[in-house]
Structure formats: structure tokens, C-alpha cells
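The following exercises are to be worked with the sequence and the structure in view. Each task is followed by a solution in steps.

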Amino acid sequence: MLCEEKLEVFENGFEDGKFKLRVEFYGSDARRLLLAIIRELYLPDYGEDYVYPFECAKEFWGIYMDASEITASDFRPNPVKFINRSVLDRLEKVLEETGAPKEVREGIDFEKAEIHRLKKGLLALGKNFILDEGTKTLIVFSKPSARELVLRYLGMLDGA
């Protein structure tokens with residue numbers, strides 16, 4: 001669905017021509033996190049009162065969410081000191097469980113990723129993906145700068 005001249009929202013993500021950004025998720029539902037990102041991207045253009053792309057995406061996804069429910073959090077890194085086969089196997093297993101298409105899974109490189117330990121499991125941060133073991137969610141994005149946006153709203157993943 002076209003929600004803005006250059007913002008297209010689809011079932012598991014969005015693509016924005018203005019910011020040249022595509023974000024998709026696989027596994028657990030991450031639409032609330034994506035809504036927070038869309039709102040932040042368009043807030044400067046629309047102001048606090050009514051961010052049309054945010055409202056349009058909510059309607060398309062059938063999610064009731066008030067802007068006041070958006071909560072940003074600080075990511076506190078807790079890197080895994082030794083990345084061994086056991087850690088990589090855990091991440092590979094979760095990646096399979098997300099149901100991501102084979103071509104997406106093949107683009108995930110845990111060898112080059114930062115791996116952190118969180119309360120609910122491991123978190124792998126790549127230049128174009130974030131895999132959360134605790135929520136079994138894979139988020140892939142087209143620009144490395146999107147990683148900071150995703151991390152800011154990671155707490156909004158359902159079940160997080």
C-alpha cells in the first residue's frame with residue numbers, strides 16, 4: 001500500500017524512496033517496531049499532531065497504537081567475548097526458525113556480526129540485519145544507518 005508519495009508499506013515491512021530505506025522482518029511480529037521507525041522518519045515533515053505515513057501504516061497493518069506508546073530505549077552492549085561453534089549454531093537455528101526466504105538467510109553473515117548477550121538470549125548485529133534470539137525475529141534493512149533506528153526501538157518487539 002502506498003502511504004506517502006515514496007513510502008510503500010507491505011505485509012512484513014516497508015520501502016521508502018525518500019530515505020532510500022527498505023526494512024523487512026521475519027519470525028515474530030515486528031510491525032510495532034516498524035511503526036515507530038516510520039513515525040520517527042516522518043515526524044520532521046508532519047509535526048507531532050498527525051504523522052500521516054504512521055497513521056496509514058497502522059491502518060494497513062490493522063494495529064491500534066497511539067504515538068504515546070512508542071518507547072525508545074538505550075541499547076546497552078554486552079558483547080559475547082568468545083564466539084564459538086555453539087553460539088553460531090544457536091544463531092543459525094534461530095535464523096531457520098524465522099522462516100526467512102533462503103536468499104535472505106544466505107545474506108546473513110554471523111562471522112562478521114557483533115554478537116551480544118541479552119536477558120532473553122543472543123542478539124546478532126550485522127551491517128544489514130539484526131537477529132534477536134529472544135523474540136525469534138530477523139530484521140533486515142538496506143542501509144547500515146538503519147541499525148541504530150532498529151536498536152532504539154528494539155524493546156517494542158512483541159514479547160520483548
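**Exercise 1.** How many disulfides does a search of the whole structure find?

*Solution.* The model is a predicted one. A search of the whole structure gives one disulfide. The cut-off for such a pair is two cysteine sulfur atoms within 2.5 Å. Cys3 and Cys56 form the disulfide, and their sulfur atoms lie 2.1 Å apart. This pair connects distant parts of the chain: Cys3 belongs to strand 1 (residues 2-4) and Cys56 to helix 2, with the two 53 residues apart.

**Exercise 2.** Determine the handedness of the disulfide, and then decide whether its cysteines are buried or exposed.

*Solution.* Consider the torsion about the S-S bond of Cys3 and Cys56 first. This torsion is about -75°, so the disulfide is left-handed. For the second part, a residue is buried when its relative accessible area is under 20%. Cys3 has 1% relative accessibility and therefore counts as buried. Cys56 has 6% relative accessibility and therefore counts as buried.

**Exercise 3.** Describe how strand 8 is paired and covered.

*Solution.*

1. Pairing with strand 4. Strand 4 (residues 21-27) and strand 8 run antiparallel and are joined by five bridges. Within this pairing, Phe25 has Ile139 of strand 8 as its bridge partner.
2. Pairing with strand 7. Strand 7 (residues 129-132) also runs antiparallel to strand 8, and four bridges join them. Here Thr137 in strand 8 stands opposite Asp132.
3. The hairpin. Four residues lie between the strands in the hairpin of strand 7 and strand 8, where Lys136 adopts a positive phi near 55°.
4. Cover. Strand 8 (residues 137-141) is mostly covered, with five of its five residues buried.
5. Faces. In a regular strand, side chains alternate between the two faces of the sheet. In strand 8, Thr137, Ile139 and Phe141 are on one side, while Leu138 and Val140 are on the other. These residues are all buried, and both faces of the strand are thus covered.

**Exercise 4.** Which residues form a nonpolar patch on the surface, with about 300 Å² of accessible area together?

*Solution.* The patch consists of Tyr46, Tyr50 and Tyr52. To be admitted to a patch, a residue needs over 30% relative accessible area. Tyr52 has a relative accessible area of 34% and is therefore partly exposed. Tyr52 is located in helix 2 (residues 52-61), the helix that also holds Cys56.

Technical notes:
Residues are numbered from 1 along each chain as its sequence is written. This is a predicted model: local features need pLDDT of at least 70, side-chain atom pairs count only at pLDDT 80 or more; totals for chains, interfaces and linings use all residues. Side-chain values use heavy atoms; hydrogens and water are left out. Patches are made of residues with over 30% relative accessible area and no salt bridge: like charges are joined within 9 Å, nonpolar side chains (Val, Leu, Ile, Met, Phe, Trp, Tyr) within 5 Å. Accessible areas come from the Shrake-Rupley method with a 1.4 Å probe; for residues, only the protein chains shown count as cover. A salt bridge is a side-chain nitrogen of Lys or Arg within 4 Å of a carboxyl oxygen of Asp or Glu. Buried means under 20% relative accessible area, exposed over 50%, partly exposed in between (1.4 Å probe, protein chains only). Two strands pair if DSSP finds at least two bridges between them.
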